[in-house]
Amino acid sequence: MENLLQQIEGYRQEISSIQPNGAETLETYRIRFLGTKGIVKALFGEMKNVPAERKKEFGAILNDFKQFAEAKYEQWKAGLTSTEEQAGSVDLTLPGDPLNVGSRHPISLVRNEILSIFRRLGFSVAEGPEIEDDWHNFTALNLPENHPARDMQDTFYLHRSPDWLLRTHTSNVQIREMEKGKLPIRIVNPGRVYRNETISARAHCFFHQVEGLYIDEHVSFADLKQTLYFFVQELFGRDVKIRFRPSYFPFTEPSAEMDISCLICNGKGCNVCKHTGWVEILGCGMVHPQVLENCGIDSNKYTGYAFGMGIERITMLKYQINDLRLFSENDVRFLEQFTASL
Ligand code: 2NL
C-alpha cells in the first residue's frame, strides 16, 4: 500500500514536469497514462490488493490522481491547437480571397465622360421615359404624319395602342423639358432608344444616345459650334479638328453633321474613316421654330440649339471596337477590358 502511494506520487511529479512540445508526445502521454492498458487503469487494478480498511482512502487518492492526469491532458491539448494555428496551419499573413468587383460597361464609361464634360459647361442632366406617346416622340418634333421615321419598320409600337411606342431617340426628354415652360434650358439627356432593325455588326434594335439642348434669348449657331468644339477637344484631345456639313433634320433648321479628324490615321486615310480622313460623330442644328411653338415657347423671343450623338459610335471610335453586338452580349472577356473608373 505505501509502495503504491509512493508510485502515485512519483507519477504526479513526472506529469508536472512534462513540457508540452508537440502532438506526438501528447498522444504518447495519453496512451501511457490514460489508455486502456495505461498506468491509471493499472493502478485501479491494484485496488484488489489493498486491505479492506484502506480501500476508501486509496480509492479517493486514485480518483484524485486520475482527474489530475486527465486535466493535464486536456490543458496540454488545448494549448497545442492554439499554438499550431499560430505556428503555420493557418497563415494569417496570406492575402484574403479577392472580391470580384466587376468593371464599368464601356457604354457607361463613355456616357459618364460625355456628361461630365457638359456638366462643366453648365448643362444639367435630364432623363425621361423609354415608353412614349406619338406626340413627344414624333409630332412635337415636327415629324409629319407620313415621315419615313414613323414607318412601322423602324418603330416598335406597343400592341396596346397605336399611340404608344418605344422612343426612337431621346428628344422626347427635351420636348418634355420645354413643355414645363421654365427658361432658359440647358440640358444633356442620355438614354436608351429603340429601332426595329435587323441586328448586325453595325445595327442593333436598341442603342444609346446623348442629346443636348440650349434655349435662351440670342443663342446662335456660333455658340453651338464653339460648345461642340470644346466638347470633342475634351473627349479626344486638343489636336482634334472639326468640320460641319449641311444636313437635314425635321426638328432643326439649319441642320448640320459634325465630323472630327480621324483619330486612327490622323487624317491620312484608313478603314475607319473610309480614306476620307474624317469621321462623323454627331448631328446638330438650331431648334426649328415650329418645335419651339409646339412646346409653347415664343420663337420670336427665344432661339436654341440642339445636338444628338450615338454613344456606341463614339465608344467604338475611342476603343477601336468593330462590332456593335459586343456591347449587348455580356461576354466578360470583352467587358473585363474596361477599367472601373468614372
Ligand atoms: C443624331 C442627330 C439630333 C437633335 C438631335 C433635337 C431635339 C429637339 C429639338 C431639336 Cl427637342 N433637335 N435633337 C437635333 C439634331 C440632331 O441628333 O445623329 N443623333 C444620333
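This is a short presentation of the fold of one protein chain, from its overall dimensions to a few individual residues.

Good morning, colleagues. Please keep in mind throughout that the model is predicted.

I begin with the chain as a whole. The protein chain contains 11 helices and nine strands. Its radius of gyration is 41 Å, whereas a compact globule of 342 residues would come near 20 Å. Along the principal axes, the C-alpha atoms occupy a box of roughly 125 × 50 × 40 Å. As for burial, 40% of the 342 residues count as buried. If we take the contacts between residues at least 6 apart in sequence, 67% of them join residues at least 24 apart. The exposed surface amounts to about 19,700 Å², and carbon and sulfur atoms supply 51% of that area. The chain carries 38 positive and 45 negative charges, and the mean positions of the two sets lie 4 Å apart.

Let me turn to the sheet. Seven strands form an open sheet in the order 1-4-5-9-8-7-6, and the pairing is mixed. At its edges are strand 1 and strand 6, the latter covering 242-249, and each of them pairs on one side only.

I shall go through some of the pairings, starting from strand 1. Strand 1, residues 124-125, pairs with strand 4 in the parallel sense over two bridges. Here S124 stands opposite I187 of strand 4. On to the next pair: strand 4 and strand 5, the latter spanning residues 206-216, run antiparallel and are joined by 10 bridges. One of the opposed pairs there is V188 with G212 of strand 5.

Is strand 4 enclosed or open to its surroundings? Of the 10 residues in strand 4, residues 185-194, eight are buried, so the strand is largely enclosed by the rest of the structure.

Further across the sheet we reach strands 9, 8 and 7. Strand 8, residues 278-287, and strand 9, residues 303-310, are antiparallel, with four bridges between them. C284 has F307 of strand 9 as its bridge partner, and M286 stands opposite Y305, also in strand 9. Strand 7, residues 252-261, is likewise joined to strand 8 in the antiparallel sense, by eight bridges. In that pairing T252 faces V287 of strand 8. Strand 8 is also largely enclosed by the rest of the structure, because eight of its 10 residues are buried.

From the sheet I move to helix 7. This helix, residues 171-179, is mostly covered, with seven of its nine residues buried. Which residues of helix 7 are buried? They are S171, N172, V173, Q174, I175, E177 and M178. The elements covering them include strand 2 (131-133), helix 6, strand 4, strand 5, helix 9 (289-294) and strand 9.

One of those buried residues, I175, also touches A140. A140 sits in the loop between helix 6 (134-137) and strand 3 (164-166). Its relative accessible area is 0%, so A140 is buried. Leaving aside residues up to four places away in sequence, A140 touches W135, I175, V291 and N294. By contrast, I114 lies 26 residues from A140 along the chain, and their C-alpha atoms are 26 Å apart.

I close with several points of backbone geometry. Just after helix 7, G181 adopts a positive phi of about 80°. Where do the cis peptide bonds described here occur? One joins L183 and P184, with omega about -5°, and P184 is in the loop between helix 7 and strand 4. Another joins E253 and P254, again with omega about -5°, and P254 belongs to strand 7.

Two residues other than glycine also deserve mention for a positive phi. H218 has phi near 65° and is placed in the loop between strand 5 and helix 8 (221-236). With a relative accessible area of 70%, H218 is exposed. N330 has phi near 55° and lies in the loop between helix 10 (311-319) and helix 11 (332-335). Is N330 buried or exposed? Its relative accessible area is 54%, and the cut-off for exposed is over 50%, so N330 is exposed.

Thank you for your attention.

Technical notes: Residues are numbered from 1 along each chain as its sequence is written. This is a predicted model: local features need pLDDT of at least 70, side-chain atom pairs count only at pLDDT 80 or more; totals for chains, interfaces and linings use all residues. Side-chain values use heavy atoms; hydrogens and water are left out. Buried means under 20% relative accessible area, exposed over 50%, partly exposed in between (1.4 Å probe, protein chains only). Two strands pair if DSSP finds at least two bridges between them. The radius of gyration is taken over C-alpha atoms; the globule rule is 2.2 Å times the number of residues to the power 0.38. Contact means heavy atoms within 4.5 Å. Accessible areas come from the Shrake-Rupley method with a 1.4 Å probe; for residues, only the protein chains shown count as cover. Lys and Arg count as positive and Asp and Glu as negative; His and the chain ends are not counted. The place of a charge is taken as NZ of Lys, CZ of Arg, CG of Asp or CD of Glu.
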